[in-house]
Amino acid sequence: MTIDRLDARIIALLAAEPKLGVLECSRRLGVARGTVQARLDRLTTRGVITGFGPDVAPAALGYDVTAFVTLQIRQLSGHDPVADQLAAIPEILEVHTITGGDDMHCRVVARSNADLQRVIDLIVDVHGVVRTSTVIALDTPVPYRVLPLVADVPRQVSA
């Protein structure tokens with residue numbers, strides 16, 4: 001699915017001000033309230049917009065350490081059983097299956113380096129995990145973002 005300039009403007013406005021209502025969005029964008037609502041419904045139904053919840057900073061909850069853990073797993077029963085067990089560990093924020101020498105990549109948080117060891121021990125205890133490798137993030141100069149993509153899609157489509 002492609003998005004147009006109005007979709008991109010709606011997404012950017014709501015990303016900047018998540019508590020903004022549909023009526024105020026329509027006023028600021030100079031379009032009808034029904035247009036904004038229909039666009040949001042369509043973008044949500046098609047999976048472009050995946051949520052409206054608040055973004056939470058793990059550091060604000062006391063999780064100051066971010067690390068990336070790659071896993072090698074026994075693949076006799078696939079990735080799903082391992083992923084299901086990993087999902088039960090609250091400090092694991094994301095799990096991706098990957099190509100290359102390893103099988104999975106996890107973004108994890110911990111309260112300290114010692115706490116990170118506890119989290120890694122939980123990961124190693126998961127049935128099917130053969131080996132792990134961990135790197136600690138020192139800084140996040142470019143945090144997770146999608147708005148540059150959103151802004152670029154209408155330009156790419158019209159080019």
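These are my notebook entries on a few features I looked up in a predicted model.

**Annotated domain.** I began with the UniProt record, an unreviewed entry, which lists residues 3-64 as "domain: HTH asnC-type". Over that stretch I found the chain to be 53% helix and 0% strand, with the C-alpha atoms at its two ends 36 Å apart.

**D7.** I then turned to D7, which I placed in helix α1, the helix that runs over residues 5-16. Is D7 buried or exposed? I enter D7 as buried, because its relative accessibility is 1% and the cut-off for buried is under 20%. Leaving aside residues up to four places away in sequence, I noted that D7 touches R39, R42 and L43; with R42 there is also a polar contact between the two side chains, at 3.0 Å.

**Cysteines.** I looked next at C25 and at C106, and I count C25 as buried because its relative accessibility is 0%, while C106 is likewise entered as buried because its relative accessible area is 0%. My search for disulfides, which asks for cysteine sulfur atoms within 2.5 Å, gave a count of zero.

**Largest pocket.** Last, I examined the largest pocket, which holds about 1,000 Å³ of space and is lined by 24 residues. Which residues lie nearest its centre? I listed A15, G51, D55, Y144 and V146. The elements that give two or more residues to this lining are α1 and α6, the latter spanning 147-158, and the largest share, four residues, comes from α6.

Methods: Residues numbered from 1 in each chain as written. Predicted model: local features only at pLDDT ≥ 70, side-chain atom pairs only at ≥ 80, totals over all residues. Heavy atoms only, no water. UniProt positions renumbered as here; feature names shortened; annotations may be inferred. Buried < 20%, exposed > 50% of the residue type's maximum accessible area, 1.4 Å probe, protein only. Polar contact = N/O pair within 3.5 Å; in protein donor to acceptor, adjacent residues only side chain to side chain. Contact = heavy atoms within 4.5 Å. 1 Å grid on protein atoms, 1.4 Å probe; cavity = no way out; pocket = protein on both sides within 12 Å on 5 of 7 lines; lining within 4 Å. Points joined across faces, edges and corners; volume = space filled by probe spheres on them.
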